[in-house]
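Visitor: I am new to this structure and would like a close look at a single part of it. Please explain the terms as you proceed.

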Amino acid sequence: MYVLIKDLPQHIGQEVTLRGWLYNKRGHKKLRFLILRDGTGLCQAVCFRPDLDEAAWNAADQATQETSLEVTGVVNPVDEEHHAPGGVELAVGSVRLVQVPADDYPITPKEHGVDFLMRNRHLWLRSQRQWHLIRLRNEVIFALRKFYYDRGFVCFDSPILTGAIGESAGSLFELEYFDLGSAYLAQTGQLYQEAAIMAHRNTFCFGPTFRAEKSKTRKHLTEFWMLEAEMAYCSHDESLQLQEDMVVYVVRWCLEQCGDALAEVGRDLAPLERAAEGRFERLLYRDAVKLLQKKGSDIQFGEDLGAPEETILGAEFDRPVFVCNYPRAVKAFYMKRNPDDPETVLCADLIATEDHGEIIGGSAREDDIDLLMERIAQEGLPAESYEWYLDLRRYGSVPHAGFGLGLERLVKYVGGLPHIREACCFPRMMEKLYP
Ligand code: 4AD
Ligand code: MG
């Protein structure tokens with residue numbers, strides 16, 4: 001009977017067959033300990049010479065790291081002391097090799113440099129830490145979708161090939177599009193969500209977005225996944241509450257479901273446990289500037305927060321903090337002018353703790369068509385390509401708000417990762433397109 005390693009505890013005393021790969025091997029004299037992985041977990045398979053026929057023993061001997069193989073044996077419980085995953089191991093009766101690598105596997109249990117591992121990302125994925133991180137990402141994606149479906153949001157997929165610039169002209173991937181001139185890879189799905197909510201009230205999209213980021217940092221990818229939510233008849237404050245609820249939900253989910261992954265990557269759980277309590281501070285940009293100056297930053301009112309400022313804020317607060325109402329000039333054209341402080345817009349960035357930086361950017365949307373057209377002109381954006389967007393203000397415009405959450409930024413934060421590259425499957429960065 002073929003079984004998966006994750007299900008082994010349900011088969012104690014039975015003979016089963018595992019189909020997987022050899023992760024590691026130890027042995028002496030009459031014993032070979034094969035550490036198998038099958039995509040669902042790790043299992044120790046014990047080969048005792050007198051229990052195996054000649055062919056099976058030779059196969060166990062011949063199997064090298066990452067040999068694919070089938071192993072049949074009886075599932076035995078083991079003491080905790082053995083540190084056997086799942087508290088079981090396999091007493092092997094037979095071994096069948098599927099494919100034996102001709103060359104030594106490039107990634108050995110010893111330490112390798114990051115450049116080497118990144119060049120071998122297609123193989124690095126099989127290592128325990130990377131395996132756990134993709135599982136963590138998978139759980140974060142699931143929790144996010146569940147959060148929105150539970151609240152009645154409709155998934156509305158924004159296009160990837162777009163004719164209108166969504167965010168800013170500075171970081172666009174542009175390509176030729178038949179006879180229609182230029183197309184751009186989407187920087188955001190937001191503008192299309194604004195159309196969607198007038199039909200469906202509350203929507204979200206969750207897909208890849210692209211930015212030709214020329215900066216080499218630990219937080220920037222050129223291709224990243226963004227979850228964007230948009231709500232009709234929604235105030236900026238209500239949007240902030242939803243953002244907080246979402247982050248709290250995902251953090252709690254991961255604390256409950258991803259203990260193994262968090263342990264594997266050595267995550268300090270204390271900051272996550274505090275975030276799981278909610279009550280994120282809402283700091284005005286004006287006050288953030290004063291606080292930052294007091295902490296030694298030379299930021300002036302009117303400037304965007306950079307990485308050093310985010311680092312200070314991340315250390316200053318014990319849970320993620322909203323920085324609200326930035327100056328109009330540093331934010332995107334669609335953000336709503338703050339009626340109480342017209343130099344600023346009704347927006348917020350959520351800054352995570354411990355130097356993970358911005359994980360969400362959102363705002364109320366400008367619903368005054370004249371102000372919107374003025375901002376489009378000021379930014380030097382081609383007015384024709386926004387005609388459809390302006391129609392949304394012409395026909396039944398309503399107050400609305402939304403935000404975008406960077407998936408890899410969130411995974412980086414939840415996992416406490418030093419670099420964003422480990423939060424995605426095949427990271428795309430300025431100098432990284434292969435594999
Ligand atoms: O703050 P941003 O640029 O906001 C928008 O694109 C809005 N249109 C979203 C909306 O309101 N619907 O990006 C949103 C988030 C950031 O907070 C960050 O988490 C992530 O996307 N992000 C990146 N993640 C990885 N690499 C990059 N280069 C990123 N740029 C933004
Ligand atoms: Mg932003």
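Guide: Two strands are said to pair if DSSP finds at least two bridges between them. Helices (H or I, at least four residues) and strands (E, at least two) are DSSP runs, numbered from the N terminus. The model is predicted, and local features need pLDDT of at least 70, side-chain atom pairs count only at pLDDT 80 or more, whereas totals for chains, interfaces and linings use all residues. Residues are numbered from 1 along each chain as its sequence is written, chains are lettered from A and ligands numbered from 1 in the order in which they are written, and side-chain values use heavy atoms, with hydrogens and water left out.

The part chosen here is a sheet, together with the helices beside it. The protein has 13 helices and 16 strands, and eight of the strands form an open sheet in the order S6-S10-S11-S16-S15-S14-S13-S12, with mixed pairing. Its edge strands, S6 (154–155) and S12 (282–284), each pair on one side only. In general, strands of a sheet pair through backbone hydrogen bonds, either parallel or antiparallel.

At one edge, S6 and S10 (residues 202–210) run parallel and are joined by two bridges; here Cys155 stands opposite Phe204. Helix H13 (residues 407–415) packs on the sheet, where it touches S10, S11 (223–232), S14, S15 and S16 (400–406). Contact means heavy atoms within 4.5 Å. The direction of H13 makes about 60° with that of S16; axes are lines fitted to C-alpha atoms, for helices over the stretch in contact, and angles run from 0 to 180 degrees between N-to-C directions.

At the other edge, three bridges join S12 to S13, and these two strands run parallel, with Leu284 opposite Cys324. The pairing of S13 with S14 is antiparallel and has four bridges; Val321 of S13 faces Ile351 in S14 across this pairing. Within S13, Val321 and Val323 point one way while Phe322 and Cys324 point the other way, and all are buried. Buried means under 20% relative accessible area, exposed over 50%, and partly exposed in between (1.4 Å probe, protein chains only).

Helix H10 (residues 307–316) lies across S12, S13 (321–324), S14 (347–352) and S15 (357–364), and runs at about 70° to S14. Another helix, H9 (residues 285–294), has Tyr285, Ala288, Val289, Leu291 and Leu292 buried. These residues cover an arc of only 165° around the axis, which puts them on the same side of H9; the arc is that of the directions from the helix axis to the C-beta atoms. An α-helix has 3.6 residues a turn, so residues three or four places apart point the same way. S12, H10 and S13 are included in what covers the buried residues of H9. Exposed Lys290 and Lys294 sit on the face turned away from that buried side. Just after H9, Gly296 takes a positive phi of about 105°.
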